[in-house]
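Here is a small set of exercises to work through with the model open beside you. Try each task before you read its solution.

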Amino acid sequence: MFVGVLRLTLHLPSPGSLKSKRHLVRSAIDRVKAKFNVSVAEVAENDLWQRSVLGVTAVANDHAFVNETLDKVADFVAAMHGGQIMVTGRDLAIEHWDDGLPEGTRTLAEAEGAVP
């Protein structure tokens, strides 16, 4: 299993208020969630008008798939709202988690006797 974490630092040059900034960020988060199978949230700079940090995560069984998905998310965010959102930082980490079962572990099907 591969777990990817993407941190996007955003600059929003046009909002004149915190309410306007939150509207742009919420719209971006909702559109990313609708288009990609990822988790996303605003994780820092919540109270600044022109700056935001988004955290995005993806999980899959293929490293390349996780990398490609998170790259597409970053490009998608950079292209949305006609330049009202600029990506100024992009940090990506992908971790491999061993998904093998420990020695002596049985699956649920084995425990219920469905698998000999």
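Among contacts between residues at least 6 apart in sequence, 70% join residues at least 24 apart. Please keep in mind that this is a predicted model.

**Exercise 1. The overall layout**

Task: Find how many helices and strands the protein has, and the pattern they follow along the sequence.

Solution:
- Step 1. Count the elements: the protein has three helices and four strands.
- Step 2. Read them along the sequence, and the pattern is β-α-β-β-α-β-α.
- Step 3. Turn to burial: of the 116 residues in the protein, 31% are buried.
- Step 4. Look at the outside: about 7,200 Å² is exposed, and carbon and sulfur atoms supply 52% of it.

**Exercise 2. The nonpolar core**

Task: In the largest nonpolar core, work out which residues touch the most other members, and then which element gives the most residues.

Solution:
- Step 1. This core holds 25 residues, and Val32 and Val73 are the ones that touch the most other members.
- Step 2. Strand E1 (2–11), helix H1 (18–35), strand E3 and helix H2 (63–79) each supply at least two residues of the core.
- Step 3. The biggest contribution comes from H2, with six residues.
- Step 4. Now select valine 73 and set aside residues up to four places away in sequence: what remains is Leu6, Val32, Phe36, Val38 and Val56. Val32, named in step 1, is thus one of the residues that valine 73 touches.

**Exercise 3. A threonine in a strand**

Task: Decide whether threonine 9 is buried or exposed, and list what threonine 9 contacts beyond its sequence neighbours.

Solution:
- Step 1. Place the residue: threonine 9 belongs to strand E1.
- Step 2. Apply the cut-off: a residue is buried when its relative accessible area is under 20%. Threonine 9 has 11%, so it counts as buried.
- Step 3. Leave aside neighbours within four places in sequence, and threonine 9 contacts Arg51, Ser52 and Val53, along with Met86, Val87, Thr88 and Gly89.

**Exercise 4. Salt bridges**

Task: Establish how many salt bridges there are, and which residues are linked in a network of them.

Solution:
- Step 1. Searching for a side-chain nitrogen of Lys or Arg within 4 Å of a carboxyl oxygen of Asp or Glu gives a count of four salt bridges.
- Step 2. Begin with lysine 72 and glutamate 68, whose side chains meet at 3.0 Å, N to O. Both residues lie in helix H2, four residues apart, which is about one turn of the helix. Lysine 72 is partly exposed, at 44% relative accessible area, and glutamate 68 is partly exposed too, at 41%.
- Step 3. Next take arginine 90 and aspartate 71, with 3.1 Å between the closest N and O atoms. This pair links distant parts of the chain, since arginine 90 is in strand E4 and aspartate 71 is in helix H2, 19 residues apart. The relative accessibility of arginine 90 is 39%, so this residue is partly exposed; aspartate 71, at 28%, is partly exposed as well.
- Step 4. Then check aspartate 75, whose side chain meets that of arginine 90 at 3.3 Å, N to O. Here too distant parts of the chain are linked: aspartate 75 is in helix H2 and arginine 90 is in strand E4, 15 residues apart. Aspartate 75 is partly exposed, with 45% relative accessible area.
- Step 5. Put steps 3 and 4 together: Asp71, Asp75 and Arg90 are linked in a network of salt bridges.

**Exercise 5. Two loop residues**

Task: Locate tryptophan 97 and leucine 48, and find which residues make a nonpolar surface patch of about 310 Å².

Solution:
- Step 1. Tryptophan 97 sits in the loop between strand E4 (86–96) and helix H3 (108–111). Its relative accessibility is 49%, so tryptophan 97 counts as partly exposed.
- Step 2. The patch of about 310 Å² is made by Met1, Val59 and Trp97.
- Step 3. Leucine 48 lies in the loop between strand E2 (39–44) and strand E3 (51–60). At 40% relative accessibility, leucine 48 is also partly exposed.
- Step 4. Beyond neighbours within four places in sequence, leucine 48 contacts Leu18 and Lys21.
- Step 5. Finish with a distance: the C-alpha atoms of leucine 48 and arginine 22 are separated by 9.8 Å, with the two residues 26 apart along the chain.

Definitions and conventions:
Residues are numbered from 1 along each chain as its sequence is written. This is a predicted model: local features need pLDDT of at least 70, side-chain atom pairs count only at pLDDT 80 or more; totals for chains, interfaces and linings use all residues. Side-chain values use heavy atoms; hydrogens and water are left out. Patches are made of residues with over 30% relative accessible area and no salt bridge: like charges are joined within 9 Å, nonpolar side chains (Val, Leu, Ile, Met, Phe, Trp, Tyr) within 5 Å. Accessible areas come from the Shrake-Rupley method with a 1.4 Å probe; for residues, only the protein chains shown count as cover. Buried means under 20% relative accessible area, exposed over 50%, partly exposed in between (1.4 Å probe, protein chains only). Contact means heavy atoms within 4.5 Å. A nonpolar core is a set of buried Ala, Val, Leu, Ile, Met, Phe, Trp, Tyr and Cys residues joined through side-chain atoms within 4.5 Å.
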